[in-house]
Amino acid sequence: QCGQPSPVPECSLRTERTGMLVLYRALWQYAAGARGTLVIAMALLLGAQMVMLAVPYAAGRALNILQIEGVAGLGDAALWLAAIVGLTLASWGLHGPGRLLERDVALRIRQRMSSDLIERLVQLPLSWHESQHSGATAHRVQQSVNALAGFAESQFIYLASLVRLVGPLVALWVLEP
């Protein structure tokens, strides 16, 4: 039974997958009106990580030149090292605006979800309100809103992890199919 705590790994894995899907559905739902901004933010954050994938290649080229040519290749190696600086700056040039947009979307999600939950609470019958502790209800609302907003403004971590996992595998396959 996957609905109850279970030592069976497939149950917990299935629950985790479902949990992530629920989070992404809620993220998309509450990002209404800012979905374009969310997509742009994710594209910028993905782009920043993809640019950083070229840094090891540039470092390898610089070291290769120095190993093969020695001191005579110092100028060419310096160009590759300058490329590393340029790639890093380009990555930050994408990452910074992506994070600003991501945080803006998270703020909008926080506002929309708070309004939605308060509206739902107001519509509940008085008998429900009498049987519930208002402080506990407010705390649960705040926890829910903070959880989804925190998830929304932490997408860069998940995207970076994905690119850092898949990117090198794709690069190796491209270089040596």
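This is a short chat about helix packing and the largest pocket in a predicted model.

User: Let's start with the pocket. What volume does the largest pocket have?

Analyst: The largest pocket comes out at about 280 Å³. Keep in mind that the model is predicted.

User: Which residues line the largest pocket?

Analyst: The lining is made of M52, L53, A54, P56, Y57, G167, P168, A171, L172, V174 and L175. Two elements, α3 (54-69) and α7, each give two or more residues to that lining.

User: And which element gives the most?

Analyst: That's α7, with six residues.

User: How does the lining of the largest pocket divide into nonpolar, polar and charged?

Analyst: There are 10 nonpolar residues, one polar and no charged.

User: OK, α7 then. At what angle do the axes of α2 and α7 cross?

Analyst: Roughly 40°, and the axes come within 9 Å. For reference, α2 covers residues 35-52 and α7 covers residues 155-175.

User: So what do you call that arrangement of α2 and α7?

Analyst: Oblique: an angle of 40° is neither under 35 degrees nor in the 65 to 115 range, so α2 and α7 count as oblique to each other. Their crossing is right-handed.

User: Which residues meet there, between α2 and α7?

Analyst: On the α2 side you have M42, L45, L46, Q49 and M50, and these meet Q155, F156, L159, A160, V163 and R164 of α7. By class, that contact has eight nonpolar residues, two polar and one charged.

User: Switching partners: how do the axes of α2 and α4 cross?

Analyst: Those axes cross at roughly 155° and come within 8 Å, with α4 being residues 74-123. Since an angle over 145 counts as roughly antiparallel, that makes α2 roughly antiparallel to α4.

User: Is that crossing of α2 and α4 left-handed or right-handed?

Analyst: Left-handed. The contact of α2 with α4 holds 14 nonpolar, six polar and three charged residues.

User: Last one, α4 and α6. What's the angle there?

Analyst: About 155°, with the axes of α4 and α6 (residues 134-152) 8 Å apart. The two helices are therefore roughly antiparallel to each other. This crossing of α4 and α6 is right-handed.

User: Which residues of α4 and α6 meet?

Analyst: From α4, it's E102, A106, I109, R110, M113, S114, L117 and L121; from α6, it's T137, V141, S144, V145, N146, L148, A149 and A152. By class, the contact of α4 with α6 has 10 nonpolar, four polar and two charged residues.

How values were computed. Residues numbered from 1 in each chain as written. Predicted model: local features only at pLDDT ≥ 70, side-chain atom pairs only at ≥ 80, totals over all residues. Heavy atoms only, no water. Axes fitted to C-alpha atoms, helices over the stretch in contact; angles between N-to-C directions. Helix = DSSP H or I, 4+ residues; strand = E, 2+ residues; numbered from the N terminus. Left-handed = near helix turned anticlockwise from the far one by under 90°. Contact = heavy atoms within 4.5 Å. Nonpolar A, V, L, I, M, F, W, Y, C, P; charged D, E, K, R; others polar. 1 Å grid on protein atoms, 1.4 Å probe; cavity = no way out; pocket = protein on both sides within 12 Å on 5 of 7 lines; lining within 4 Å. Points joined across faces, edges and corners; volume = space filled by probe spheres on them.
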